[in-house]
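Q: Please take a close look at one part of this model and describe how it fits with what surrounds it. I am new to the structure, so explain the terms as they come up.

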Amino acid sequence: TADSFDVGAVANEPMIVFCIATAGKGEFCGNGRTFYERLLARADEFKGTFTNVKYAVFGLGDSHYWGKGTEESRVNFAKPARELDALMESLGAIRFIPTGFGDDQDVDQY
């Protein structure tokens, strides 16, 4: 799980692919919440140290969970993935592929 990964070691990883599901109201799932919180808490310390880290994020969610076309759905759909993507970028990591999203409401169910 993401929570078992030492955030202090992220800068030493040449490539990381994150697959982030959404729980509750736009929240991180239980097995990734602590990773994100630890990374965020040390953001000032890590800023600029991830320049050799390439990363990708794939976010999973349901765009109609809070009602089709509602503002809540727009804001909360794959929110953890978008937050992690923004944090990694702010720390100097290089996104090697555009962030992708899997939507449970997609006609093909992905």
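A: Helices (H or I, at least four residues) and strands (E, at least two) are DSSP runs, numbered from the N terminus. This is a predicted model, in which local features need pLDDT of at least 70 and side-chain atom pairs count only at pLDDT 80 or more, while totals for chains, interfaces and linings use all residues. Residues are numbered from 1 along each chain as its sequence is written, and side-chain values use heavy atoms, with hydrogens and water left out.

The part chosen here is helix H4, residues 79-90. The end C-alpha atoms of H4 are 16 Å apart, which agrees with the 16 Å that its twelve residues should span at 1.5 Å a residue; the expected span is 1.5 Å times one less than the number of residues. Just ahead of the helix, alanine 78 lies in the loop between H3 and H4. Alanine 78 is not a glycine, yet has a positive phi of about 50°. Its relative accessible area is 0%, so alanine 78 is buried (buried means under 20%, exposed over 50%, partly exposed in between, with a 1.4 Å probe and protein chains only). After H4 comes glycine 92, with a positive phi near 100°.

Within H4, the buried residues are Pro80, Ala81, Leu84, Asp85, Leu87 and Met88. Seen down the axis of H4, these fall within an arc of 165°, so they line one face of the helix; the arc is that of the directions from the helix axis to the C-beta atoms. The elements that cover these buried residues include E1, strand E2 (27-28), H1, H2, E3 and strand E4 (94-95).

H4 also belongs to the largest nonpolar core, a set of buried Ala, Val, Leu, Ile, Met, Phe, Trp, Tyr and Cys residues joined through side-chain atoms within 4.5 Å. That core has 23 residues, and those touching the most other members are Phe18, Leu39, Phe50, Leu84 and Met88. At least two core residues come from each of strand E1 (15-23), helix H1 (33-41), helix H2 (43-46), strand E3 (54-61) and H4. H4 gives the most, with four residues.

Which residues does leucine 84 contact beyond its neighbours within four places in sequence? They are Phe18, Ile20, Phe28, Phe35, Tyr36 and Leu39, where contact means heavy atoms within 4.5 Å. Three of these partners, Phe35, Tyr36 and Leu39, are the buried residues of H1. Seen down the axis of H1, its buried residues keep within an arc of 95°, so they line one face of that helix. H4 is among the elements that cover them, along with E1, E2 and H2.

Alanine 78, before the helix, is a contact of leucine 60, together with Cys19, Ile20, Ala21, Thr22 and Gly102, when neighbours within four places in sequence are left aside. Leucine 60 is found in strand E3 and is partly exposed, with a relative accessible area of 30%. Its C-alpha atom is separated by 6.1 Å from that of threonine 22, although the two residues are 38 apart along the chain.
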